[in-house]
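Please open the structure in your viewer and display the side chains. The tour below proceeds by selection, from one stop to the next.

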Amino acid sequence: IRLSGTTGADKRVLLAARSEGVIDKLFLVKGAAVAEGSVVMQLEGPETLAKANIAAITLKQREKDLVVAEQLHSSGNLPETKLTAAQSQRDSAQAELDRANAEVSRLELKAPFDGIVDSVAVESGEWVQPGAPVATILSLNPILVRAEVSEVDVSSVAPGSQATVTLVTGAKMTGVVRLVSREASADTRTF
């Protein structure tokens, strides 16, 4: 069966800012490769970092207070309610540190997969809001080919079938059929 089709990226993602702030570092260059998990943008965040440091210091103090409270309680010099209060304060400080660390992590934007930077919508020094588009990343491995198969030929194509693709450059590639739609297009009656 000979078909005409279009090629496209396996994955396409529009990266968005996770927090508001001024872009401190931007590691995105249109056309450049990015690795999964690599930091592609970092926002300034001295206040956020300071909050995380304060939360860490507070947690250390609450842990020390709890140790003292446990010692006093075990010797009979502290009522149960005071021990419970010290435990609650320690747990609250831990939760506050977790929240502050989550805010710090939102200052960095990471690539979700290996890919190529297709477009960059921001500049270093620019102010961004949460959800603001930052860049588009494409995964070109594998490349997808989409083609429409007539009702007559659809029974000859199944997921797992081998396919040979000839690109416009004349290069030939082989691939595997990933999906055959179960519903025909209403306009063309193809799958």
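A salt bridge is counted here where a side-chain nitrogen of Lys or Arg lies within 4 Å of a carboxyl oxygen of Asp or Glu. The model is a predicted one, and it holds seven salt bridges.

**First stop: Asp 10 and Arg 178**

Select Asp 10 and Arg 178, whose side chains meet in a salt bridge with an N to O distance of 2.9 Å. This pair links distant parts of the chain: Asp 10 belongs to strand β1, whereas Arg 178 lies in the segment after β10 (172–176), 168 residues apart. Is Arg 178 buried or exposed? At 55% relative accessibility, Arg 178 counts as exposed, because the cut-off for that class is over 50%.

**Second stop: the sheet**

From Asp 10, extend the selection to strand β1 and its sheet. Four strands form an open sheet in the order β1-β8-β6-β3, and the pairing is antiparallel. At the edges stand β1 (5–16) and β3 (33–34); each has a single partner strand, so one side of each is left without a neighbour in the sheet.

Next, select β6 (residues 115–120) together with β8. These two strands pair in the antiparallel sense over four bridges. Which residue of β8 is the bridge partner of Ile 116? The partner is Leu 138.

Remain on β8, which covers residues 133–147 and includes Ile 143. Ile 143 is partly exposed, with a relative accessible area of 43%. Add Leu 140 and Met 173 to the selection: with Ile 143, these residues make a nonpolar surface patch of about 260 Å².

**Third stop: helix α1**

Select residues 46–74, which form helix α1. How far apart are the end C-alpha atoms of α1? They are 42 Å apart, which agrees with the span of 42 Å that 29 residues should give at 1.5 Å a residue. After the helix comes Gly 76, whose phi is positive, near 85 degrees.

Now colour Thr 48, Ala 52, Ala 55, Leu 59, Leu 66 and Ala 69, the residues of α1 that are buried. The buried residues of this helix pack against α2 (80–105). Thr 48 offers a specific view: its relative accessible area is 15%, and it is therefore buried, the cut-off being under 20%. Leaving aside residues up to four places away in sequence, Thr 48 touches Glu 103, Val 104 and Leu 107.

**Fourth stop: salt bridges on α2 and beyond**

Move to helix α2 and select Glu 96 and Arg 99. Their closest N and O atoms are 2.4 Å apart, in a salt bridge. The two residues are three places apart in α2 and are thus separated by about one helical turn. An α-helix has 3.6 residues a turn, so residues three or four places apart point the same way. Arg 99 is partly exposed at 40% relative accessible area, and Glu 96 is partly exposed at 36%.

For the final pair, select Arg 189 and Glu 151, whose side chains meet in a salt bridge of 3.3 Å, N to O. Here too distant parts of the chain are linked: Arg 189 is in the segment after β10, and Glu 151 is in the loop between β8 and β9 (162–166), 38 residues apart. Arg 189 is partly exposed, with a relative accessible area of 43%, and Glu 151 counts as partly exposed at 44%.

To close, return to α2 and add Glu 103 to the earlier selection: salt bridges that share partners join Glu 96, Arg 99 and Glu 103 into one network.

Terms used
Residues numbered from 1 in each chain as written. Predicted model: local features only at pLDDT ≥ 70, side-chain atom pairs only at ≥ 80, totals over all residues. Heavy atoms only, no water. Expected span 1.5 Å × (residues − 1). Buried < 20%, exposed > 50% of the residue type's maximum accessible area, 1.4 Å probe, protein only. Contact = heavy atoms within 4.5 Å. Patch = residues over 30% accessible without salt bridge, like charges linked within 9 Å, V, L, I, M, F, W, Y side chains within 5 Å. Areas by Shrake-Rupley, 256 points an atom, 1.4 Å probe, with all protein chains shown as cover. Pairing = 2+ DSSP bridges.
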